[in-house]
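Please open the model in your viewer and keep the selection tool at hand. The tour below proceeds by selections, each followed by a description of what is found there.

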Amino acid sequence: MEFENSKNFSLIKMNFENSSIKKILDKMIQHQETKVLKIGREIVPDLTSEDIRNPQDFPELHKDTIFNYEDGILTGYHSVKIALSKARKF
């Protein structure tokens, strides 16, 4: 990969598991999970934290644009976390 030789890549290769970036990202994920669950419970009152991992099981959630937007942000945070943890293995 072309970016492997750049100075920025060496920053990515640092120990992500113990980094402050991971801690911040974990807090962002936790905050967003709470937010998504709160919005979801306004639509489906007995929704659980496990249920928000499978919103397609709830047609009411699937149709709600605000829920889908916030859930998309949560998915993005998870994607960044996975990408950073995998980047250090190159």
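A pocket, in the sense used here, is an open set of grid points with protein on both sides within 12 Å along at least five of seven lines, and its lining residues have an atom within 4 Å of a point. The model is predicted.

**Colour by confidence**

Begin by colouring the chain by pLDDT, which averages 85, with 77% of the residues at 70 or above. Among the elements, helix H1 (residues 7-12) has the lowest mean pLDDT, 54, and H2 the highest, 95. Where pLDDT is low, the predicted coordinates should not be read in detail.

**Select the largest pocket**

Next, select Glu33, Thr34, Leu37, Ser49, Ile52, Arg53, Pro55, Asp71, Leu74, Thr75 and His78, the residues that line the largest pocket. Two elements each supply two or more residues to this lining, namely helix H2 (20-43) and helix H4 (65-87). The greatest contribution comes from H4, with four residues. The space in the largest pocket amounts to about 210 Å³. Colouring the lining by class will show four nonpolar, four polar and three charged residues.

**Select helix H2**

Now display H2 alone. Its 24 residues reach 35 Å from the first C-alpha to the last, close to the 34 Å expected at 1.5 Å a residue. Within H2, select the buried residues: Lys22, Leu25, Ile29, Gln32, Val36, Leu37, Ile39 and Gly40. An α-helix has 3.6 residues a turn, so residues three or four places apart point the same way. Restore the rest of the chain to see what the buried residues of H2 pack against: helix H3 (59-63) and H4.

**Centre on Ile29**

Ile29 is a residue of helix H2. Is Ile29 buried or exposed? Because its relative accessibility is 5%, Ile29 counts as buried, the cut-off being under 20%. Leaving aside neighbours within four places in sequence, the contacts of Ile29 are Leu74, Tyr77, His78 and Lys81. A distance drawn from the C-alpha of Ile29 to that of Ile73 should read 9.1 Å, although 44 residues separate the two in sequence.

**Centre on Glu70**

Finally, move to Glu70, which lies in helix H4. Glu70 is buried, because its relative accessible area is 9%. Which residues does Glu70 touch, not counting those up to four places away in sequence? Showing side chains around Glu70 will reveal Gln32, Lys35, Val36 and Ile39. Among these, Gln32, Val36 and Ile39 also belong to the buried residues of H2.

Note on methods:
Residues are numbered from 1 along each chain as its sequence is written. This is a predicted model: local features need pLDDT of at least 70, side-chain atom pairs count only at pLDDT 80 or more; totals for chains, interfaces and linings use all residues. Side-chain values use heavy atoms; hydrogens and water are left out. On a 1 Å grid over the protein atoms alone, a cavity is a set of points where a 1.4 Å probe fits but cannot get out, and a pocket is an open set with protein on both sides within 12 Å along at least five of seven lines; lining residues have an atom within 4 Å of a point. Grid points are joined across faces, edges and corners, and a volume is the space filled by probe spheres set on the points. Ala, Val, Leu, Ile, Met, Phe, Trp, Tyr, Cys and Pro count as nonpolar, Asp, Glu, Lys and Arg as charged, and the others, Gly among them, as polar. Buried means under 20% relative accessible area, exposed over 50%, partly exposed in between (1.4 Å probe, protein chains only). Contact means heavy atoms within 4.5 Å. pLDDT is the predictor's confidence in each residue, from 0 to 100. The expected span of a helix is 1.5 Å times one less than its number of residues.
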